[in-house]
Amino acid sequence: KPQVHTAFIRGVGANRIYAGQMAVLGRSSVGPIIQQMWNQEKDHLKKFSELMVAYRVRPTVLLPFWNVAGFVLGAGSALLGKKGAMACTVAVEESISEHYNNQIRTLVEEDPEIYKELLQVIKQFRDDEREHHDIGIEHDAEATPAYSVLKTAIQLGCKAAIFLSERI
C-alpha cells in the first residue's frame, strides 16, 4: 500500500510539473518533447489512481498543496529557459527512478508473487522515468547555470514531499 500511495503522489507531482512547463514552453521547440513526457505521466497517474482504489489507499491531505507546488516548480524551471526545464526534469526523474528502485526491492523482499502485477507496473514506469531523465540530459540540462545547486534543491524537495505525504 505505501508503494501505491507514494507512486500516486509522484504521479500527481510529475503531471503538475509538466503542466507548468507546457504553460511556459508549450509553443517552443521543446514543447512536443515535454508533451510526450507529460502524456506518459498522465498514463502513470491514471494507473496509480486505479491502484489506489483497488488497494483502498487514501490520498494525502497535502494533495492540493502538491498540485500547486508541482505547477509552480514546472513553470518556474521553464522560466529559466529550455535548459532549466530539462534540469528540473532530470532532477525529478532521477529521484523518482531511485524511489521506484527502492519500492521494487521492498516488494521483492516481501513477496514477488503477491506483488507480481505491481512490480511489472513499477518497473515499466521506472524505465519511462529513466527515459525522461535521459531526454533531459540530451537537451542540455547540465548546461543550466547553477545546475548542481538547482538539481540538489529540487531533489531535496521531492524527498520532503514524499516523506510528508507518507505521514500526513
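Leaving aside neighbours within four places in sequence, which residues is His132 in contact with? The first legend answers this for the predicted model.

**Figure 1. Surroundings of His132 in helix 5 of the predicted model.**
Beyond its neighbours within four places in sequence, His132 is in contact with Tyr18, Met37, Gln40, Glu41, Thr89 and Glu93. The side chains of His132 and Gln40 are joined by a polar contact of 2.4 Å. The relative accessible area of His132 is 0%, so the residue counts as buried.

**Figure 2. The UniProt "binding site" feature at Glu41, Glu93, Glu129 and His132.**
This set of four positions comes from an unreviewed UniProt entry. The positions are spread over 92 residues of sequence but cluster in space, with a largest C-alpha distance of 10.9 Å. From this set, Glu93 is part of the lining of the largest cavity. Contacts link several of the annotated residues: Glu41 touches Glu93, Glu129 and His132, among others, and His132 in turn is in contact with Glu93.

**Figure 3. The UniProt "binding site" feature at Glu41, His44 and Glu129.**
The unreviewed UniProt entry also places a feature of this name at these three residues. They span 89 residues in sequence, yet no two of their C-alpha atoms are more than 10.2 Å apart, so they gather at one spot. Glu41, His44 and Glu129 are included in the lining of the second largest cavity. A polar contact of 3.0 Å joins the side chains of His44 and Glu129.

**Figure 4. Glu41 and His44 in helix 2.**
Glu41 lies in helix 2, which covers residues 31-54, and His44 is found in helix 2 as well. Is Glu41 buried or exposed? Glu41 has a relative accessible area of 1%, which puts it under the 20% limit, so it is buried. His44, at 2% relative accessibility, also counts as buried. Not counting residues within four places in sequence, Glu41 is in contact with Ala14, Asn15, Tyr18, Glu93, Glu129 and His132. With residues up to four places away likewise left out, His44 touches Phe125, Asp128 and Glu129.

**Figure 5. Glu129 in helix 5 and its contacts.**
Glu129 is found in helix 5 and counts as buried at 1% relative accessibility. Residues up to four places away in sequence aside, Glu129 touches Glu41, His44, Glu93, Ile96, Ser97 and Tyr100. One of these, Ser97, lies in helix 4, residues 82-110. Ser97 is at 8% relative accessibility and counts as buried. Besides Glu129, Ser97 touches Arg126 and Arg130, not counting residues up to four places away in sequence.

**Figure 6. The largest nonpolar core and Tyr100.**
This core holds 30 residues, and those touching the most other members are Phe8, Phe48, Val92, Tyr100, Leu118 and Ile122. Two or more residues each come from helix 1 (2-25), helix 2, helix 3 (63-79), helix 4, helix 5 (116-138) and helix 6 (147-167). Helix 4 gives the largest share, seven residues. Tyr100 touches Ala7, Arg10, Phe48, Ile122, Phe125, Arg126 and Glu129, leaving out residues up to four places away in sequence. Another core, of 17 residues, lies apart from the largest; among its members are Val30, Ile34, Met37 and Val90.

**Figure 7. The largest cavity and its lining.**
How many cavities of 30 Å³ or more does a search of the whole structure find? The search finds two. The largest cavity contains about 40 Å³ of space. Its lining consists of Ala14, Ile17, Tyr18, Cys88, Thr89, Val92 and Glu93. Helix 1 and helix 4 are the elements that give two or more residues to this lining. The largest share, four residues, comes from helix 4. Several lining residues recur in other views: Tyr18, Thr89 and Glu93 are in contact with His132, and Ala14 is in contact with Glu41.

**Figure 8. Glu109 in helix 4, with Lys123.**
Glu109 has its place in helix 4. Its relative accessible area of 68% is over the 50% limit, so Glu109 is exposed. Between the C-alpha atoms of Glu109 and Lys123 the distance is 15 Å, and the two residues are 14 residues apart in sequence.

Methods:
Residues are numbered from 1 along each chain as its sequence is written. This is a predicted model: local features need pLDDT of at least 70, side-chain atom pairs count only at pLDDT 80 or more; totals for chains, interfaces and linings use all residues. Side-chain values use heavy atoms; hydrogens and water are left out. Buried means under 20% relative accessible area, exposed over 50%, partly exposed in between (1.4 Å probe, protein chains only). Contact means heavy atoms within 4.5 Å. UniProt positions are given in the numbering used here, feature names are shortened, and annotations may be inferred rather than shown by experiment. On a 1 Å grid over the protein atoms alone, a cavity is a set of points where a 1.4 Å probe fits but cannot get out, and a pocket is an open set with protein on both sides within 12 Å along at least five of seven lines; lining residues have an atom within 4 Å of a point. A nonpolar core is a set of buried Ala, Val, Leu, Ile, Met, Phe, Trp, Tyr and Cys residues joined through side-chain atoms within 4.5 Å. A polar contact is a pair of N or O atoms within 3.5 Å; within protein, one must be able to donate a hydrogen and the other to accept it, and residues adjacent in sequence count only if both atoms are side-chain atoms. Grid points are joined across faces, edges and corners, and a volume is the space filled by probe spheres set on the points.
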